[in-house]
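Biologist: Please take a close look at a single part of this model for me, and then place that part in the rest of the chain. Plain words will do.

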Amino acid sequence: QLGDASRVATVAKAVGHELWSGGAAALGIMPLLLLRLLLRGVRRPVERPVVAAAVVILTMLVAYTVAYVVTPYDLQWHLTTSLSRVILHLLPAIAWLAAMLAK
């Protein structure tokens, strides 16, 4: 199922939407973190541990995306019932990463 472009697109869109506007608030945490980075700027040079953390977070997002693409369950049901919880446990790490990147 990894070769099914429509499944990959569906999962990527759902993950992106959950990252951007997910959560229990009217506005997701990602726009707020991005706004903070835009207003404060990014610390230069970016330190190696921060880059390593970003790589780990991105690797986890890719792994989750692949897991959803290859799931034997109904894709829409699986995304609806579990994606918000999967993304929710990454948000503290993403917030920490944004804090480490900000000046």
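Modeller: His-78 is buried, because its relative accessible area of 18% falls under the 20% cut-off. The model is a predicted one, and what follows is computed from it. His-78 sits in helix α4, which covers residues 75-88. Once residues up to four places away in sequence are set aside, His-78 touches Tyr-68, Thr-71, Tyr-73 and Leu-83.

Another histidine makes a useful contrast. His-17 belongs to helix α1, residues 5-21. With a relative accessible area of 52%, His-17 is exposed, whereas His-78 is buried. The cut-off for exposed is over 50%. From His-17 to Leu-75 there are 58 residues along the sequence, and the two C-alpha atoms are 16 Å apart.

His-17 also leads to the loop that follows its helix. Gly-28 lies in that loop, between α1 and α2. The C-alpha atoms of Gly-28 and His-17 are 9.4 Å apart, with their positions 11 residues apart in sequence. Gly-28 has a relative accessibility of 1% and therefore counts as buried. Apart from neighbours within four places in sequence, the contacts of Gly-28 are Trp-20, Ser-21 and Gly-22.

Now the chain as a whole. It has 5 helices and 0 strands, so the pattern along the sequence is simply α-α-α-α-α. The C-alpha atoms fill a box of roughly 45 × 30 × 20 Å along the principal axes. Of the 103 residues, 33% are buried, and His-78 is one of the buried residues. Among contacts with a separation of 6 or more, 80% join residues that are 24 or more positions apart.

One pairing of helices shows such contacts between separate parts of the sequence. Two packed helices are described by the angle between their axes and the distance between the axes. For α2 and α5, the axes come within 10 Å and cross at roughly 10 degrees. An angle under 35 degrees counts as roughly parallel, and α2 and α5 are therefore roughly parallel to each other. On the α2 side the contact is made by Ile-29, Met-30, Leu-33, Arg-36 and Leu-37. These meet Leu-91, Ile-94, Ala-95, Ala-98, Ala-99 and Leu-101 of α5. By class, this contact has 10 nonpolar residues, no polar ones and 1 charged.

Leu-39 is also in α2. At 68% relative accessibility, Leu-39 counts as exposed. Its C-alpha atom is 9.6 Å from that of Lys-103, although the two residues are 64 positions apart along the chain.

The largest pocket involves some of the residues just named. Its volume is about 230 Å³. Each of the elements α2 (29-40), α3 (48-70) and α5 (91-101) gives two or more residues to its lining. There are 13 lining residues, and those nearest the centre are Met-30, Leu-37, Ile-94, Leu-97 and Ala-98. By class, the lining divides into 13 nonpolar, no polar and no charged residues. Met-30 and Leu-37 from α2, with Ile-94 and Ala-98 from α5, also take part in the contact of those two helices.

The model has 1 cavity of 30 Å³ or more, with a volume of about 30 Å³. Its lining consists of Arg-43, Pro-45, Val-46, Glu-47, Val-50, Met-100 and Leu-101. That lining divides into 5 nonpolar, no polar and 2 charged residues, whereas the lining of the largest pocket has no charged residues.

Pro-45, one of the residues of the cavity lining, is placed in the loop between α2 and α3. A cis peptide bond joins it to Arg-44, with omega at about -10 degrees.

Val-51 is in helix α3. It counts as partly exposed, because its relative accessibility is 42%. Val-51 and Leu-101 are 50 residues apart in sequence, with their C-alpha atoms 9.4 Å apart. Leu-101 itself lines the cavity and is among the α5 residues that meet α2.

To return to the part in question: His-78 is in α4, is buried at 18%, and has Tyr-68, Thr-71, Tyr-73 and Leu-83 as its contacts outside its sequence neighbours up to four places away.

Note on methods:
Residues are numbered from 1 along each chain as its sequence is written. This is a predicted model: local features need pLDDT of at least 70, side-chain atom pairs count only at pLDDT 80 or more; totals for chains, interfaces and linings use all residues. Side-chain values use heavy atoms; hydrogens and water are left out. On a 1 Å grid over the protein atoms alone, a cavity is a set of points where a 1.4 Å probe fits but cannot get out, and a pocket is an open set with protein on both sides within 12 Å along at least five of seven lines; lining residues have an atom within 4 Å of a point. Grid points are joined across faces, edges and corners, and a volume is the space filled by probe spheres set on the points. Ala, Val, Leu, Ile, Met, Phe, Trp, Tyr, Cys and Pro count as nonpolar, Asp, Glu, Lys and Arg as charged, and the others, Gly among them, as polar. Helices (H or I, at least four residues) and strands (E, at least two) are DSSP runs, numbered from the N terminus. Axes are lines fitted to C-alpha atoms, for helices over the stretch in contact, and angles run from 0 to 180 degrees between N-to-C directions. Angles under 35 degrees count as roughly parallel, over 145 as roughly antiparallel, 65 to 115 as roughly perpendicular and the rest as oblique. Contact means heavy atoms within 4.5 Å. Buried means under 20% relative accessible area, exposed over 50%, partly exposed in between (1.4 Å probe, protein chains only).
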